[in-house]
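Could you walk me through this model in my viewer, one selection at a time? I would like to know what to click on next and what I will find there.

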Amino acid sequence: MSIAPSKSVLPKSVDARKLVQREQYLDGVLPLESLDRLRTAVESVNGEIVSELQFGRDLQGHLTVSGKVSCTVELLCQRCLHPVREQIEAQFCWGVVWSEEQGKALPKDLDPVIQESDELDLHQILEDEILLNLPMVAYHDKECVSRESFHIGEVETEAGEQRENPFKVLEQLKGSSGKS
Ligand SMILES: [Zn+2]
């Protein structure tokens with residue numbers, strides 16, 4: 001975390017109406033501090049959570065936000081219970097509405113997001129998108145690397161025991177030679 005963020009932090013909340021009027025394009029990073037649910041859902045978040053958003057209207061005049069959010073997280077592999085890295089990339093096309101009913105009336109290609117007050121809670125909604133794209137269960141791709149190293153560790157212990165053997169053999173030889 002010694003490297004300064006290369007991009008600016010996205011505003012926590014925005015008034016979608018204003019940004020739609022300006023056909024605003026936003027890009028930036030999401031601060032992990034405001035993403036409590038993500039932090040509890042994953043082992044760790046590696047690097048920056050970057051997002052870009054384009055505000056506008058579709059042909060029917062709906063307020064839309066299209067964009068993507070991506071990050072790299074570590075989840076627990078359900079086979080070996082060691083961290084496994086997952087690249088999350090969520091693409092979305094929101095339709096901004098002011099009630100659930102309005103949301104139901106949206107065309108199917110728009111995911112309703114509700115701006116309940118004067119502003120849209122941008123961080124929370126982007127966090128939703130990441131959470132929706134987390135795999136339900138995670139596994140290491142091919143073999144569990146950490147499990148392999150675990151095995152190597154066991155082999156080494158065995159080799160260590162074997163290394164002791166020559167001495168035991170010597171002792172036995174001594175013993176047997178003493179006897180004879
Ligand atoms: Zn694994």
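Start by selecting the cysteines and looking for bonds between their sulfur atoms: this predicted model holds 0 disulfides. For reference, a disulfide is a covalent bond between the sulfur atoms of two cysteines.

**The zinc site**

Now select the zinc ion, and add C77, C80, H140 and C144, its protein donors. Show side chains as sticks: the donor atoms are SG of C77, SG of C80, ND1 of H140 and SG of C144, and they lie 1.9 to 2.3 Å from the zinc ion.

What is the arrangement of the 4 donor atoms around the zinc ion? It is tetrahedral, because the angles they subtend run from 105 to 118°, and four donors count as tetrahedral if all angles lie between 85 and 135 degrees.

Next, colour the chain by residue number and follow the donors along it. Their spacing reads C-x2-C-x59-H-x3-C.

Switch on a surface while you are here. C77 and C80 are both buried. C77 counts as buried because its relative accessibility is 0%, and the cut-off for buried is under 20%. C144 has a relative accessible area of 6%, so this donor is buried too.

**A loop beside two strands**

Move to L81, in the loop between β4 and β5. Is L81 buried or exposed? It is exposed, with a relative accessible area of 54%. Check its backbone as well: phi of L81 is positive, about 60°, although the residue is not a glycine. Most residues other than glycine have a negative phi.

**Out along β5**

Select R85, which lies in strand β5. At 58% relative accessibility, R85 counts as exposed. Leaving aside residues up to four places away in sequence, R85 touches N46, T72, V73 and E74. Then add Y139 and draw a distance between the two C-alpha atoms: R85 and Y139 are 54 residues apart along the chain, and these atoms are separated by 9.2 Å.

**The aromatic pair**

How many aromatic pairs does a search of the whole structure find? The search finds 1. Select F92 and W94 to see this pair, which is stacked, with 4.3 Å centre to centre and 10° between the planes. Both partners are hidden from the surface: F92 counts as buried at 6% relative accessibility, and W94 is buried with a relative accessible area of 0%.

**Into the nonpolar core**

Keep W94 selected and add I49, L53, F55 and L126. These five have the most contacts inside the largest nonpolar core, which has 37 residues. To see where that core comes from, colour α1 (16-21), β2 (25-30), β3 (44-57), β4 (63-76), β5 (83-97) and α4 (122-132), the elements that give two or more residues to it.

Now centre on F55 and show its neighbours. Not counting residues up to four places away in sequence, F55 touches V14, A16, L19, V20, E23, Q24, L26, T64 and V65.

**Last stop: E23**

One of those F55 neighbours, E23, is worth a click of its own. E23 lies in the loop between α1 and β2, and is exposed, with a relative accessible area of 57%. Look at its backbone too: phi of E23 is near 45°, a positive value in a residue other than glycine.

How values were computed
Residues numbered from 1 in each chain as written. Predicted model: local features only at pLDDT ≥ 70, side-chain atom pairs only at ≥ 80, totals over all residues. Heavy atoms only, no water. Donors = N, O, S within 2.8 Å, 3.2 Å for Na, K, Ca; no water. Tetrahedral: all angles 85-135°; square planar, octahedral: opposite > 155°, others 65-115°. Buried < 20%, exposed > 50% of the residue type's maximum accessible area, 1.4 Å probe, protein only. Phe/Tyr/Trp six-rings, centres within 6.5 Å; stacked < 30°, edge-to-face > 60°. Core = buried A, V, L, I, M, F, W, Y, C linked by side-chain atoms within 4.5 Å. Helix = DSSP H or I, 4+ residues; strand = E, 2+ residues; numbered from the N terminus. Contact = heavy atoms within 4.5 Å. Disulfide = S-S within 2.5 Å.
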